[in-house]
Amino acid sequence: NAEYMGIAPRRFFGSFSMTFFFFLNCALLSYAPYYATYKFTSLSEYRELSLVLFSAFVHVATQLCKMFALATFVPTGEETFHVGHEIGKVIVNFADLAGLYFLLNKAKVGGGLDGSVKILGVGLGWALAESILQRLVPLYLGAKEGFDLQYIQMALQSSVTLVSGLSVTALIWLWSRRKFEKALLPVVVFMLSAHAILLPIITNYLYLSPDVDRWTTFGTSAGLNVALALVSKVLVSRYQSRQQHAAR
């Protein structure tokens, strides 16, 4: 019994340290990109932490409104793909675009900032709040149980959320510019529609499909979001270069 009493604590603390280490790795994989985005971009130079935090707060308020709308107007979904349910969720998801528009054009926080800095601050805060709300608790409860690839995937999904948040913020910012090229405006509208409508439906369909594994779903979502982000970056750069040229 004495020998058992000595071994049991060592096994307990050894198991605890391994699971905690796994959780810590997942947390770093999830949130280190957010810290790096703030630390190594112009956000830290301008010290716009208040813009990031306020954007996170607006995201939380928006999600509360969406939860109320979903519970009131959209019937509870089943574990199968249902078109009507997905359309209801897509309509409610337009609240996200409204929240980002408010932050970029109506909120007083960060009012005098350059467009690129404001996109970074709003997009970072929005994506950070989404990642914390959706993944921090599941990561803590699940990862401490032991190694599982689904938590690695969940951590990687946080980076996709960051890319998505920055790209959709850039698109909303471009859409609200009065001097943006009218010939390219349909491209921005299409990309916003793809982000708000097509991407969630495609991702959810793949997730609920029994013939598609989760890594395929993750890869598809990541690839589409990266493509949207690259096009958004090109459009923002084009707009800013034209504005600089016109100011000379």
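A residue counts as buried when its relative accessible area is under 20%, as exposed when the value is over 50%, and as partly exposed in between. That cut-off is used at most stops below. The model on screen is predicted.

**Whole chain**

Start with everything selected and colour by secondary structure. The chain has eight helices and zero strands, so that the order from the N terminus reads α-α-α-α-α-α-α-α. Next, colour by accessibility: of the 248 residues in the chain, 40% are buried. A contact map adds one more figure. Among contacts between residues at least 6 apart in sequence, 79% join residues at least 24 apart.

**Cysteines 26 and 65**

Select cysteine 26. Its relative accessibility is 0%, so cysteine 26 counts as buried. Now select cysteine 65, which at 55% relative accessibility counts as exposed. A disulfide is a covalent bond between the sulfur atoms of two cysteines. How many disulfides does the structure hold? The structure holds zero.

**Arginine 47**

Move to the loop between α2 (42-46) and α3 (49-73), and select arginine 47 there. Check its backbone torsion: phi is near 55 degrees, a positive value in a residue other than glycine. Is arginine 47 buried or exposed? Arginine 47 counts as exposed because its relative accessibility is 70%.

**Helix α3: histidine 59 and alanine 61**

Continue into helix α3 and pick histidine 59. The relative accessible area of histidine 59 is 2%, so the residue is buried. Show the residues around it: leaving out those up to four places away in sequence, histidine 59 touches Trp126, Ala129, Glu130 and Leu133.

Alanine 61 is also found in helix α3. With a relative accessible area of 33%, alanine 61 is partly exposed. Draw a C-alpha to C-alpha distance from alanine 61 to glycine 99: the two are 9.0 Å apart in space and 38 residues apart in sequence.

**Helix α4: alanine 98**

Select helix α4 (residues 83-105), where alanine 98 has its place. Alanine 98 counts as partly exposed, at 47% relative accessibility. Its C-alpha atom lies 9.1 Å from that of isoleucine 172, although the two residues are 74 apart in sequence.

**Helices α6 and α7**

Isoleucine 172 leads to the next pair, since it is one of the α6 residues in the contact with α7. Display helix α6 (residues 149-175) together with helix α7 (residues 185-208). Their axes come within 10 Å and cross at roughly 145 degrees. The crossing is left-handed. To see the contact, select Ser164, Val168, Leu171, Ile172, Leu174 and Trp175 on α6, and Leu185, Val188, Val189, Met191, Leu192 and His195 on α7. Which classes of residue make up this contact of α6 with α7? There are 10 nonpolar residues, two polar and no charged.

Stay on helix α7 and select leucine 198. Leucine 198 is partly exposed, with a relative accessible area of 44%. A C-alpha to C-alpha distance drawn from leucine 198 to valine 90 reads 8.9 Å, for a separation of 108 residues in sequence.

**Glutamate 181**

Go back to the loop between α6 and α7 and select glutamate 181. Is glutamate 181 buried or exposed? Glutamate 181 has a relative accessible area of 17%, and because the cut-off for buried is under 20%, it is buried. Which residues does glutamate 181 touch, not counting those up to four places away in sequence? They are Arg238 and Arg242. With side chains shown, a polar contact of 3.5 Å can be drawn between glutamate 181 and arginine 242.

**Helix α8: glycine 223**

The last selection is helix α8 (residues 214-247), in which glycine 223 lies. Glycine 223 counts as partly exposed, at 39% relative accessibility. Draw a final distance, to valine 160: the C-alpha atoms of the two residues are separated by 9.1 Å, and the residues are 63 apart along the chain.

Notes
Residues are numbered from 1 along each chain as its sequence is written. This is a predicted model: local features need pLDDT of at least 70, side-chain atom pairs count only at pLDDT 80 or more; totals for chains, interfaces and linings use all residues. Side-chain values use heavy atoms; hydrogens and water are left out. Axes are lines fitted to C-alpha atoms, for helices over the stretch in contact, and angles run from 0 to 180 degrees between N-to-C directions. Helices (H or I, at least four residues) and strands (E, at least two) are DSSP runs, numbered from the N terminus. A crossing is left-handed if the near helix is turned anticlockwise from the far one by less than a right angle, and right-handed if clockwise. Contact means heavy atoms within 4.5 Å. Ala, Val, Leu, Ile, Met, Phe, Trp, Tyr, Cys and Pro count as nonpolar, Asp, Glu, Lys and Arg as charged, and the others, Gly among them, as polar. Buried means under 20% relative accessible area, exposed over 50%, partly exposed in between (1.4 Å probe, protein chains only). A polar contact is a pair of N or O atoms within 3.5 Å; within protein, one must be able to donate a hydrogen and the other to accept it, and residues adjacent in sequence count only if both atoms are side-chain atoms. A disulfide is a pair of cysteine sulfur atoms within 2.5 Å.
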